[in-house]
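User: I am new to this structure. Please walk me through the labels it gets and the reasons behind them.

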Amino acid sequence: LQPTPVRVRTGLQSFRAALALQLSNPKSIVFFVAFLPQFLDPARPFWPQMAVFEATFVTLAFANAFGYALLAARARRLAESPRAIRLFNRAGGTALIAAGAAAVTVRAA
């Protein structure tokens with residue numbers, strides 16, 4: 001099995017793809033429409049408040065994504081280890097055998 005060639009993206013291409021994904025993500029839209037208005041002060045200007053909310057959201061989202069990236073980098077090294085691969089295969093096989101045994105013992109109602 002040949003590895004699939006990796007398509008290298010520039011930073012701008014990655015940014016555009018991520019922006020398009022988030023702008024079309026209904027969860028993000030629902031979050032901003034349903035959650036944020038309760039924190040808006042109607043007596044203050046709208047756009048400065050939104051700028052603070054957005055900057056806070058982007059900062060926290062970046063920290064979250066960066067944490068996942070660090071975790072993935074460590075997991076990649078672990079996943080390349082023959083010992084870890086053997087352990088994962090054995091654990092997965094054991095789980096499948098246990099699920100099969102549990103399925104055999106369950107009676108239909």
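Analyst: Start with one word. A residue is called buried when its relative accessible area is under 20%. Buried residues make up 6% of the 109 residues in this chain. Keep in mind that the model is predicted.

User: What makes the chain more spread out than a compact globule?

Analyst: Compare two values. The radius of gyration is 23 Å, while the globule rule gives 13 Å for 109 residues. The first is well over the second, so the chain is more spread out than a compact globule. The C-alpha trace spans about 65 × 50 × 20 Å along its principal axes.

User: Which elements does the chain have, and in what order do they run?

Analyst: The order from the N terminus on is α-α-α-α. That fits a count of four helices and zero strands.

User: How much area does the chain expose, and what do carbon and sulfur atoms supply?

Analyst: The exposed area is about 9900 Å². Carbon and sulfur atoms supply 70% of it.

User: How many aromatic pairs does a search of the whole structure find?

Analyst: It finds seven. One of them is made by Phe62 and Phe66.

User: Why is the pair of Phe62 and Phe66 called stacked?

Analyst: Two checks settle it. Rings pair if their centres lie within 6.5 Å, and planes under 30 degrees apart count as stacked. Here the centres are 5.9 Å apart and the planes stand at 15°, so the pair is stacked.

User: Where do Phe62 and Phe66 sit relative to each other in helix H3?

Analyst: They are four residues apart in helix H3, which covers residues 46-79. That separates them by about one helical turn.

User: Is Phe62 buried or exposed? And what is Phe66 called?

Analyst: Exposed means over 50% relative accessible area. Phe62 has 57%, so Phe62 is exposed. Phe66 has 46%, so Phe66 falls in the partly exposed class. Phe66 is also 22 residues from Phe88 in sequence, with 26 Å between their C-alpha atoms.

User: Which residues do ring pairs link into a cluster?

Analyst: The cluster holds Phe31, Phe32, Phe35, Phe39 and Phe57.

User: What lies closest to the centre of the largest pocket?

Analyst: The pocket holds about 560 Å³ of space. Of its 15 lining residues, Leu19, Gln22, Glu54, Phe57 and Val58 are the closest to the centre. Phe57 also belongs to the ring cluster.

User: Which helices each supply at least two residues of that lining?

Analyst: Helix H1 (11-23), helix H2 (26-34) and H3 do.

User: How do the lining residues divide into nonpolar, polar and charged?

Analyst: Twelve are nonpolar, two are polar and one is charged.

User: Why is Gln13 called partly exposed?

Analyst: The class lies between the cut-offs of 20% and 50%. Gln13 has 35% relative accessibility, so Gln13 counts as partly exposed. Its place is in helix H1. Gln13 and Glu54 are 41 residues apart along the chain, and their C-alpha atoms are separated by 22 Å.

User: How do you know that Leu40 is partly exposed?

Analyst: Buried would need a value under 20%. Leu40 has 22% relative accessibility, so Leu40 counts as partly exposed. Leu40 is found in the loop between H2 and H3. From Leu40 to Ala99 there are 59 residues in sequence and 50 Å in space, C-alpha to C-alpha.

Key:
Residues are numbered from 1 along each chain as its sequence is written. This is a predicted model: local features need pLDDT of at least 70, side-chain atom pairs count only at pLDDT 80 or more; totals for chains, interfaces and linings use all residues. Side-chain values use heavy atoms; hydrogens and water are left out. Rings of Phe, Tyr and Trp (its six-membered ring) pair if their centres lie within 6.5 Å; planes under 30 degrees apart count as stacked, over 60 as edge-to-face and the rest as tilted. Buried means under 20% relative accessible area, exposed over 50%, partly exposed in between (1.4 Å probe, protein chains only). The radius of gyration is taken over C-alpha atoms; the globule rule is 2.2 Å times the number of residues to the power 0.38. Accessible areas come from the Shrake-Rupley method with a 1.4 Å probe; for residues, only the protein chains shown count as cover. On a 1 Å grid over the protein atoms alone, a cavity is a set of points where a 1.4 Å probe fits but cannot get out, and a pocket is an open set with protein on both sides within 12 Å along at least five of seven lines; lining residues have an atom within 4 Å of a point. Grid points are joined across faces, edges and corners, and a volume is the space filled by probe spheres set on the points. Ala, Val, Leu, Ile, Met, Phe, Trp, Tyr, Cys and Pro count as nonpolar, Asp, Glu, Lys and Arg as charged, and the others, Gly among them, as polar.
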